[in-house]
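Here is a short briefing on one molecular structure. Please look it over before reading the notes that follow.

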Amino acid sequence: MWDLSHICKSWDEWQGSYRELDAEIESFKSRQGTLAGGPETLLDAFRAMDRMGVLSYRVWYYASLRYDEDQRNNEVNARRQQVQILFAREHQASSWFNPELLAIPLDTIRQWMERHTPLALYRFAIEALFHEQEHVLDEQGERLLSYANRSSSVSHDSYAALTTADMKPPTIALGGGNQVALSYGQYRAILETNRNQADRATAYRAFHQVYADNRNTYAALYNGVLQRDWFHARARGYESTLDAALHGNNIPTSVVETLIKVTKEGVAPLRRYHQLRRRVLGVDSYRLFDVSIPLVEHDARYTYDEVMPWIVDSVAGLGDEYQQQVRDAFSGGWIDVFENTGKRSGAYSAPVYGTHPYMLLNFNETLDAVFTLAHEMGHSMHTLLAHRAQPFVYAGYTIFVAEVPSTLNEALFLDFMLERADTANQRAVLLQHAIDSIASTFYTQVMFADFELQAHRLVEQDQPITAEVLSGIYSGLLREYYGNVMDDEPLSSMTWARIPHFFSTPYYVYQYATCFASTARLMQDLRSSDLTTKSGGVDRYLSLLRAGGSGYPMALLKTAGVDLSQPDTVRAVASELDMLVSQLEAALK
Ligand SMILES: [Zn+2]
């Protein structure tokens, strides 16, 4: 189990920090109206915000990690909610800060930063806020938009209600005469483990039929999302919904357009993989419900004690210091490893500022669990290096870079495991794991991004949105990606209706793909046999981790040698997939 005494020794100490934060929040209010006074008062306010931030991490994570140990504990849950209430007050008490800062001319603040160097620490934070401000309206405009905000989540809320609360899972009959109520979990389990193709087909069709039966409702809800996005983009003076979505992180729209175009040009290895699957599975027809079943039976188990040194060994290429930090994570009480009654499910890495990252796992000795451990360790090392190198204000990082270290750690671990695999069967299992993760984290996400972009563009061009139109886009994409290696399955065109991201967070999924491409590009250097290329790659990668959130993500990645505006960066994924598929073909011969 993890040792949370590194955050707070006891609930008493936690109570003390809570009161301290409470007092900071109270006193922050009195700073209102002082910012324009000069560099000193502005700096003081920034430092007070940092103090609140540091305390917030401690107060929140102690309660929240304790809660995740056993979510049945009502007392802890109450304390956790107490923090949430305090955060709401913190939000209110500091809501004046940004508008007041933005009322000072940027040139004035720039002069202050020249004169008063400690304030210059906050330069990027200040410039980024002013950048965001470019599309903020006058007071009247903002008030009007805030009224519209209340209705902006209705489409998504309706979608959520329709797909969860009001969803009646169909009951299906499987080959053995088994009756199954088809929850999402059951559906995934059948697709991933049931070797009877007819059962998989039954499950797939029943699951998608529920969406098909309500296709017009889903299309109307998605139209609501699209219209809202276009309304906000136009109201704020953006040229397109994509511009509006990327402006905050300062990412040019060409990045997404290049990603989509180059990925489509690189589908050849993806198709080769599916041709191989069709052959190995020995099926006459091959459809989307056949893509998740393992090619090779494997029931290997990995004990936690056994894999710890492997994870350490796998990162040897990143240097002694990095490797030592991974050892520290294992021995220092950072990880809550095994399943327990009441414990939160899944896995995560929690960035506890001022202490060290903590990891929650539900380690069940499968290969997936081992890769999850490598993944979360990547997040944790990112947190550790960033927190050590950056002042509080830049310690956090955005999702646009977050999945780089996690997927890179997985890639390193795969290389390590492949090297020590001694049977063709073991190699095949590992290779399939890696290929499936490229297919699902990269190709599928880019295809989703493509769908979102096409749908939004129709609305921007005043074109109608119907179920037929949306399914038309989706089946067009399936053809472009899979060509004729996948047999036609009419219900596959309904997939758009069951992707929650489309309804909850438009233009989000492409970031999984850009992270994946960045990792593939970085791995080219890390795998290089040329020692200078390799050590340069390691240095640039570690500086990326240390950089935290101290700049815009594209700029940070560029200093690490990853230029996402270049097609070659995206092509690195197709080359990697090509290499892996060739290895898998060899392993299965
Ligand atoms: Zn992750």
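Four donors around a metal count as tetrahedral if all angles lie between 85 and 135 degrees, four count as square planar and six as octahedral if opposite donors are over 155 degrees apart and all others between 65 and 115, and anything else is irregular. This is a predicted model, in which local features need pLDDT of at least 70 and side-chain atom pairs count only at pLDDT 80 or more, while totals for chains, interfaces and linings use all residues. Residues are numbered from 1 along each chain as its sequence is written, and side-chain values use heavy atoms, with hydrogens and water left out.

**Zinc site**
- Donors are N, O and S atoms within 2.8 Å of the metal (3.2 Å for Na, K and Ca), and because water is not among the atoms, sites may look incomplete.
- The zinc ion has as its protein donors His375 (NE2), His379 (NE2), Glu403 (OE) and Glu403 (OE), at 2.1 to 2.5 Å.
- The arrangement is irregular because the angles subtended by the four donor atoms around the zinc ion run from 52 to 140°.
- Along the chain, the donors of the zinc ion are spaced as H-x3-H-x23-E.
- Both His379 and Glu403 are buried, a word that means under 20% relative accessible area, with exposed being over 50% and partly exposed in between (1.4 Å probe, protein chains only).

**Cysteines**
- The number of disulfides is zero, where a disulfide is a pair of cysteine sulfur atoms within 2.5 Å.
- Cys8 is buried, with a relative accessible area of 1%, and Cys515 is buried with a relative accessible area of 1%.
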